[in-house]
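User: I'd like to learn how to read a model like this one, feature by feature. Where would you begin?

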Amino acid sequence: MPSVTINGESQRVDEGETLGSLLLRMGLSEKPVVCEVDLTIVPRDDWSRTVLCEGAQIEIIGFVGGGALDLSWNQD
């Protein structure tokens with residue numbers, strides 16, 4: 001299982017997992033978020049084609065009005 005960093009926290013992801021499947025598992029695929037992988041913003045249309053490799057640095061930025069978007073993720 002590859003290890004990646006998501007918003008500064010080390011996490012394991014499935015071999016061959018895409019950014020799109022990760023966001024789906026996190027419950028964020030339909031949320032107003034911007035994703036960056038290794039310092040490059042990934043357009044939403046490319047999420048399903050962006051395979052997460054060992055050591056990838058992922059930043060997920062949520063946009064909200066009048067509240068806070070919970071970007072925490074519990075793998076358990």
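Analyst: Let's begin with one residue: Pro32 has a relative accessibility of 46%, so it counts as partly exposed. Keep in mind that this is a predicted model. Pro32 sits in the loop that links helix H1 (19-25) to strand S3 (33-37).

User: How far apart in space are Pro32 and Gly62, C-alpha to C-alpha?

Analyst: They're 5.9 Å apart, although 30 residues separate them in sequence. For the chain-wide picture, look at contacts with a separation of 6 or more: 57% of them are between residues 24 or more positions apart.

User: Let's zoom out. How many helices and strands are in the protein chain?

Analyst: The chain has 1 helix and 5 strands. Along the sequence they come in the pattern β-β-α-β-β-β.

User: And in what order do the strands sit in the sheet?

Analyst: General idea before the case: strands of a sheet pair through backbone hydrogen bonds, and the pairing can be parallel or antiparallel. Here the 5 strands make an open sheet with mixed pairing, in the order S2-S1-S5-S3-S4. Strand S2 (9-12) and S4 are the edge strands; each has a single partner, so one side of each has no neighbour in the sheet. On average, neighbouring strands of this sheet are turned by 35° against each other, ignoring direction.

User: Which pairs of strands run parallel or antiparallel?

Analyst: Take them one by one. S1 and S2 pair antiparallel over 4 bridges, and Val4 faces Gln11 of S2 there. S1 also pairs with strand S5 (residues 57-62), this time in the parallel sense and over 2 bridges. Ile6 has Ile58 as its bridge partner in S5. S3 and S5 are antiparallel and joined by 5 bridges, with Glu36 opposite Glu59 of S5.

User: Can we look at one strand residue up close? What does Thr5 touch, leaving aside residues up to four places away in sequence?

Analyst: A general point to carry along: in a regular strand, side chains alternate between the two faces of the sheet. Thr5 belongs to strand S1 (residues 3-6). With that sequence filter, Thr5 touches Ser10, Ala56, Gln57 and Ile58. Thr5 has a relative accessible area of 18%, and since buried means under 20%, Thr5 counts as buried.

User: How much of the chain is buried?

Analyst: Buried residues are 36% of the 76 in the protein chain. As for the surface, the chain exposes about 4,700 Å², of which carbon and sulfur atoms supply 51%.

User: Next, backbone angles. What is the sign of phi at Asp38 and Leu39, positive or negative?

Analyst: As a rule, most residues other than glycine have a negative phi. Asp38 isn't a glycine, yet its phi is positive, about 50°. Leu39 isn't a glycine either, and its phi is positive at about 70°.

User: Where do Asp38 and Leu39 lie, and how exposed are they?

Analyst: Asp38 is in the loop between S3 and strand S4 (40-42), and Leu39 is found in the loop between S3 and S4 as well. Asp38 is partly exposed, at 44% relative accessible area. Leu39 reaches 76%, so it counts as exposed.

User: On to side-chain pairs. How many salt bridges are there?

Analyst: The working idea is a Lys or Arg side-chain nitrogen within 4 Å of an Asp or Glu carboxyl oxygen. The count here is 2. One joins Glu17 and Arg25, whose closest N and O atoms are 2.9 Å apart. Another is between Arg49 and Asp46, at 2.3 Å from N to O.

User: Are those partners buried or exposed?

Analyst: For the Glu17 pair, Glu17 is buried at 5% relative accessibility, while Arg25 is partly exposed at 43%. In the Arg49 pair, Arg49 is exposed with 57%, and Asp46 is partly exposed with 28%.

User: Last stop, the cysteines. How many disulfides does the count come to?

Analyst: To qualify, two cysteine sulfur atoms have to lie within 2.5 Å of each other. By that test there are 0 disulfides. As for burial, Cys35 has 0% relative accessibility and is buried, whereas Cys53 is partly exposed at 49%.

Terms used:
Residues are numbered from 1 along each chain as its sequence is written. This is a predicted model: local features need pLDDT of at least 70, side-chain atom pairs count only at pLDDT 80 or more; totals for chains, interfaces and linings use all residues. Side-chain values use heavy atoms; hydrogens and water are left out. Buried means under 20% relative accessible area, exposed over 50%, partly exposed in between (1.4 Å probe, protein chains only). Contact means heavy atoms within 4.5 Å. Two strands pair if DSSP finds at least two bridges between them. Accessible areas come from the Shrake-Rupley method with a 1.4 Å probe; for residues, only the protein chains shown count as cover. Axes are lines fitted to C-alpha atoms, for helices over the stretch in contact, and angles run from 0 to 180 degrees between N-to-C directions.
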